[in-house]
Number of protein chains: 2
Amino acid sequence: MELLDRKYRILQAIIDDYILTALPVGSRTISRKYEQKLSSATIRNEMSDLEDLGYLDSPHTSAGRIPSNKAYRLYVDQMLQPFPLSVEDIAYIRSCFDTRSHQIEQISMRLARAISGMTNYTTAVMTRMPRDDQKLSHMQLVPVADRRVILILVTENGAVTQTPVDLDAAIDPDVLYTVSKFLSKRLEGVPMSKLHQSLIDIAAGEPEEMSKLLRTLAAQDDESPDVGSIVVGGRSNLLSYPEYSDVEKARNLLSVLETKDKMISLLNTHGEMEITVRIGPETGMEELKDCSVVTASYRMRDGRVNTIGLIGPTRMQYGKVLSVLNQVGRSLYELLDAQDDEQR
Amino acid sequence: MELLDRKYRILQAIIDDYILTALPVGSRTISRKYEQKLSSATIRNEMSDLEDLGYLDSPHTSAGRIPSNKAYRLYVDQMLQPFPLSVEDIAYIRSCFDTRSHQIEQISMRLARAISGMTNYTTAVMTRMPRDDQKLSHMQLVPVADRRVILILVTENGAVTQTPVDLDAAIDPDVLYTVSKFLSKRLEGVPMSKLHQSLIDIAAGEPEEMSKLLRTLAAQDDESPDVGSIVVGGRSNLLSYPEYSDVEKARNLLSVLETKDKMISLLNTHGEMEITVRIGPETGMEELKDCSVVTASYRMRDGRVNTIGLIGPTRMQYGKVLSVLNQVGRSLYELLDAQDDEQR
DNA sequence: GTTAGCACTCGATGGACTTGAGTGCTAACA
DNA sequence: TGTTAGCACTCAAGTCCATCGAGTGCTAAC
């Protein structure tokens, strides 16, 4: 078992070094920098074993070794050492939330920027609003022009959506207010996913004019999307890694970041409150076969789910990335708790 | 004058060819492809003159010539030939506007994508809301939680802004509605830029509770920004040009696209309804010294100003780009007119 | 089991040479 | 006087080749 432990240490050293330098690691490097008790020849033997076991690849005979995806997997699952964040970094993360501005997009943007800045990878922040488990608290119609209103929906846990709606006929503001109150009473507690049907049901029992309005609203509501915004920050970071000094590779990557569908499928992890690391082929996307994607989801008090995804080369500084994402979660919940206290 | 005309034609041929190939153009190329009546030796003499006049640069003795920024300037100002857009392209541009979805960000996104797709350059769409010349039509407070409301401001020409506001105390929805009506009456016609002050003035004459609410609103309103969203599309296009095969250059460019301040200063052209071309140093930004930026602004019915900016190498296909931007303007005003008809 | 030693591999580096696209200049021509 | 053919010259890019050095694998000795 002692031997196994040594192999393990050597593998870890190789991965650490490769993550740092992006250069194939040779036996002498390990012997000098990491395992001074052992000669390079011994390391060589071990490395040869590790290659047979599938943890190392060699680009060609006379270069060093580079970690395989299997090695990264092991590294992420078992070898990670906690990476201590600096006080500044922690403060920086906190500062993303800790502000009066409640615009979700702004917070996402700040977060994406901050995380990209600290890690030097590319960050995507997606905000989803799963409709299934959300119930309507109330709705209000606000006139903005003769035949145009904004439909505001507020759910029981406080999420707000706004949709502009064009009407067929002008309606008096006071009437709109009355209708809003009427609908709020009738629809309170209705799941958001059933809203469309409920509106139509109510429409059936109302006089023509009212019925028409309700059907217009129902039509509008139907198309409101589950996935909200996706904000990406730190794209230019990608280009600072030698693995993307090939412009064609970089272009493919950038183009993935610009394709909403692909980003959604990347960020659409099903677990919540947990951090997922996908290495190379595990991303299920050909273009990302030498990238890693780390995602973390946080469910907000108002039912929104925020997913943060970090994209970088497979030799990513997983330790730091995970620490940052953990800290993001911690700061977020600190903030939520603080808001709770405030409201109590 | 005949000579001048010939020089002119030769210069145009050189620029055209260089825009197409990105390769220094030699005298033989011109003689074969563009001016078959003239021998390469004659062209050479002319080219030498053009170099003396500052329209051409030569990378080194034995390469061809490339157009100088001065040449591009002349090209854009005088040599441009109308580039006919395909029926598909025109339909594509129309389709960006012609939809029920009124979310401004979505339209911007679609536009950015469409223009990038057609031109193969990078497109930024900025939406500004100049507050000076806008007057309030009415406002409304919509409750979303115990102590949280959304402040909705509608201007006389129909622009809508929404800001979430945290209150110090819970307020009954019916009271909020009454307050909204009261404030709308008092503030109707007040310029948006004076809104802050007006709210404070009104607050002075009201009982404590009301006064407090008004001051909270005033505080919130104060920070609403002039520049709205900036949406960028087609970043990966940049990497398809040989001028950015140097990763470092590409990184600088990408990083400009990610810096909101720089983008604002790029897109903040003062003219409206006109198209501006800035070539290399004319952009006033070191990072863009071998890029060109073409911007066009369109004032919308509701007072918003949309600025579209195209970024590409200085050897940009100016003809096509200008045609596309002209078509965008045409489609936009078609749409506005159609809406007018509809509302009549 | 560990290590020193040595032959071998193979990409990277750099110099010498060749190639070819292009220029500038001169002299002849219409 | 403008145009052109011809020719010497320039210079980046490509090819070939030798060298270098980091690295491996294997063997034999400790």
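**Domains.** I began with the division of chain A, a predicted model with domain bounds from an automatic or database domain assignment. Domain 1 covers 5-79, domain 2 covers 87-129 + 228-343, and domain 3 covers 132-223. I then checked how the C-alpha centres of domain 1 and domain 3 of chain A sit: they lie 63 Å apart.

**Ground rules.** I noted that residues are numbered from 1 along each chain as its sequence is written, with chains lettered from A and ligands numbered from 1 in the order in which they are written. In this predicted model, local features need pLDDT of at least 70 and side-chain atom pairs count only at pLDDT 80 or more, while totals for chains, interfaces and linings use all residues; side-chain values use heavy atoms, with hydrogens and water left out.

**Symmetry.** I superposed the copies by least squares on the C-alpha atoms of residues with pLDDT of at least 70 in both. A turn of 180° and a shift of 0.0 Å along the axis lay chain A on chain B with an RMSD of 0.1 Å. The two copies are therefore related as by a two-fold rotation axis. Which C-alpha of chain A is nearest the axis? That of Val247(A) is, at 3.4 Å.

I looked at the interface next, with contact meaning heavy atoms within 4.5 Å. Of the interface residues of chain A, 100% are also interface residues in chain B, so the copies meet through the same surface.

**DNA strand C.** I called a residue near a strand if one of its heavy atoms lies within 4 Å of it. On that basis 20 residues surround DNA strand C. The closest are Arg6(A), Thr42(A), Ser62(A), Ser27(B) and Arg65(B). Which part of the strand faces the protein? Of the strand C atoms within 4 Å of the protein, 74% belong to sugar or phosphate and the rest to bases.

I went through polar contacts, here pairs of N or O atoms within 3.5 Å. A polar side-chain atom of Thr42(A) lies 2.5 Å from a phosphate oxygen of DNA strand C. Ser39(A) places a backbone N or O atom 3.2 Å from a phosphate oxygen of this strand. Arg44(B) goes to a base: a side-chain N or O atom is 3.1 Å from a base nitrogen of DNA strand C. Two elements give two or more residues to the surface near DNA strand C: α3 (40-52) of chain A and α3 (40-52) of chain B. α3(A) gives the most, four residues. I took helices as DSSP runs (H or I, at least four residues), numbered from the N terminus.

**DNA strand D.** I counted 21 residues around DNA strand D. Ser27(A), Arg6(B), Thr42(B), Thr61(B) and Ser62(B) come nearest. Sugar or phosphate holds 75% of the strand D atoms within 4 Å of the protein, and bases hold the rest.

Thr42(B) has a side-chain N or O atom 2.5 Å from a phosphate oxygen of DNA strand D. A polar backbone atom of Lys37(B) is 3.4 Å from a phosphate oxygen of this strand. From the other chain, a backbone N or O atom of Ser62(A) lies 3.4 Å from a sugar or linking oxygen of DNA strand D. α2 (27-33) and α3 of chain A and α3 of chain B each supply at least two residues of the surface near DNA strand D. The largest share, four residues, comes from α3(B).

Key:
Polar contact = N/O pair within 3.5 Å; in protein donor to acceptor, adjacent residues only side chain to side chain.
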